[in-house]
Amino acid sequence: MPTPILHKESLIPGKTSKLVLHAPQIAQKARPGHFVMLRMSEQGERIPLTIADTDRENGTITIVYLVMGKSTAMLEALGVGDAILDVCGPLGHPTHIEKRGTVVCVGGGTGIAAMHHIAKGHARIGNKVVGVIGARSKDLLLFENELKSFVDELLVSTDDGSYGHKGLVTELLRDRLEKDKDVFEVVAVGPVPMMAAVAETTRPFGVKTTVSLNPIMVDGIGMCGACRVTVGGKTKFACVDGPEFDGHEVDFPELRRRLAAYREQETISIEEYRRVSHGE
Ligand SMILES: Cc1cc2nc3c(=O)[nH]c(=O)nc-3n(C[C@H](O)[C@H](O)[C@H](O)COP(=O)(O)OP(=O)(O)OC[C@H]3O[C@@H](n4cnc5c(N)ncnc54)[C@H](O)[C@@H]3O)c2cc1C
Ligand code: FES
């Protein structure tokens with residue numbers, strides 16, 4: 001069923017936007033960690049996007065996306081008053097959230113939006129939440145104000161030092177883990193190299209580390225095998241077994257290889273889309 005766009009906000013012009021969608025049935029069931037599969041056209045592919053927030057009363061869900069290739073460019077071309085052809089969800093397992101003490105939630109790039117929903121779930125249940133967010137520069141940081149409104153502490157880093165700590169989120173994380181021995185879990189959502197680095201940072205501390213994996217998905221319901229990942233030497237399907245897994249057990253090099261498998265076709269696809277839609 002077409003899903004209307006009620007609100008659109010450009011977070012990083014031309015690169016990252018936030019959409020609020022009227023999806024009351026999904027909003028009723030969605031919990032932190034869930035994702036949806038979207039299709040923009042009859043012939044188009046389905047793409048997974050994390051549910052970054054929900055408003056059950058108003059029947060809305062929020063998604064935040066980085067414009068990467070053809071499908072996200074098609075999404076970016078839509079605005080308020082338009083509808084997405086179909087939105088299926090909520091999919092995947094929600095984040096396991098229980099009251100345990102202090103949790104550190106790490107977000108990088110667009111992953112900050114997804115991490116924000118997980119952090120909110122932990123805050124709601126009464127856990128102490130330390131947020132750690134990072135981006136290449138200040139203008140690429142997302143959801144800082146939203147996070148500030150409920151986390152107990154927010155640590156910020158930028159690669160170029162334009163805001164907060166100059167360096168990587170993993171440096172802030174290591175520092176925090178050295179000072180605070182009470183952290184029961186670290187959750188990381190962001191680019192694959194960042195999640196892999198977070199897992200290596202927490203390993204010597206023996207802190208449980210949960211990462212939200214983003215392999216290529218085709219159906220999102222466990223039928224196609226596209227989202228295969230290896231965790232603890234075993235084959236898992238991120239759409240039905242995840243998308244969250246133990247970061248210390250994930251085969252990150254394999255995930256990176258599989259994500260790059262269709263790069264040539266993706267480049268042709270976006271070039272063709274731009275040529276047809278903009279006459280380039
Ligand atoms: C569970 C999950 C949640 C995600 N949540 C978000 C989110 O909240 N915000 C966000 O910006 N991105 C998210 N992603 C990634 C997003 O799905 C891809 O960026 C998007 O599919 C790219 O499609 P495209 O046609 O625009 O780009 P393309 O040019 O087709 O691809 C660009 C790159 O995106 C990845 N990709 C391509 N197709 C898929 C696909 N069908 N499934 C997954 N990855 C793909 C590949 O690494 C590829 O190299 C999520 C992925 C997963 C698996
Ligand atoms: S996307 Fe098809 S099995 Fe997961």
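Me: Where does cysteine 227 sit?
Reply: This is a predicted model, where local features need pLDDT of at least 70, side-chain atom pairs count only at pLDDT 80 or more, and totals for chains, interfaces and linings use all residues. Residues are numbered from 1 along each chain as its sequence is written, with chains lettered from A and ligands numbered from 1 in the order in which they are written. Helices (H or I, at least four residues) and strands (E, at least two) are DSSP runs numbered from the N terminus. On that basis, cysteine 227 falls in the loop between β13 (208-212) and β14 (228-231).

Me: Is cysteine 227 buried or exposed?
Reply: The test counts other C-beta atoms, placed from the backbone, within 10 Å of a residue's own: 20 or more is buried, 12 or fewer exposed, and in between partly exposed. Cysteine 227 has 26 C-beta neighbours inside 10 Å, so the verdict is buried.

Me: Which cysteine is cysteine 227 in contact with, leaving aside neighbours within four places in sequence?
Reply: Contact takes two C-beta atoms, placed from the backbone, within 7 Å. With those sequence neighbours left out, the partners of cysteine 227 include Pro215, Met217, Phe237 and the cysteine you're after, Cys239.

Me: And what element holds cysteine 239?
Reply: Cysteine 239 is buried too, having 26 C-beta neighbours inside 10 Å. Among its contacts beyond four places in sequence are Leu91, Gly92 and Cys227. Its place is in residues 238-241, helix α7.

Me: What does UniProt list Cys224, Cys227 and Cys239 for?
Reply: They span 16 residues in sequence, yet no two of their C-alpha atoms are more than 10.2 Å apart, so they gather at one spot. UniProt positions follow the numbering used here, with feature names shortened, and annotations may be inferred rather than shown by experiment. The unreviewed entry lists these three as "binding site".

Me: Between which domains does ligand 1 lie?
Reply: Near means a C-beta atom, placed from the backbone, within 6 Å of the molecule. There are 26 residues around ligand 1, and Ile47, Gly69, Ser71, Thr72 and Glu266 come nearest. Domain bounds come from an automatic or database assignment. Both contributors give residues to the shell, so ligand 1 lies between domain 1 (1-89) and domain 3 (214-279).

Me: How many residues of α9 are buried?
Reply: Helix α9 (residues 263-278) is one of the elements giving two or more residues to the shell around ligand 1. Even so, α9 lies largely in the open, because of its 16 residues the number buried is 0.
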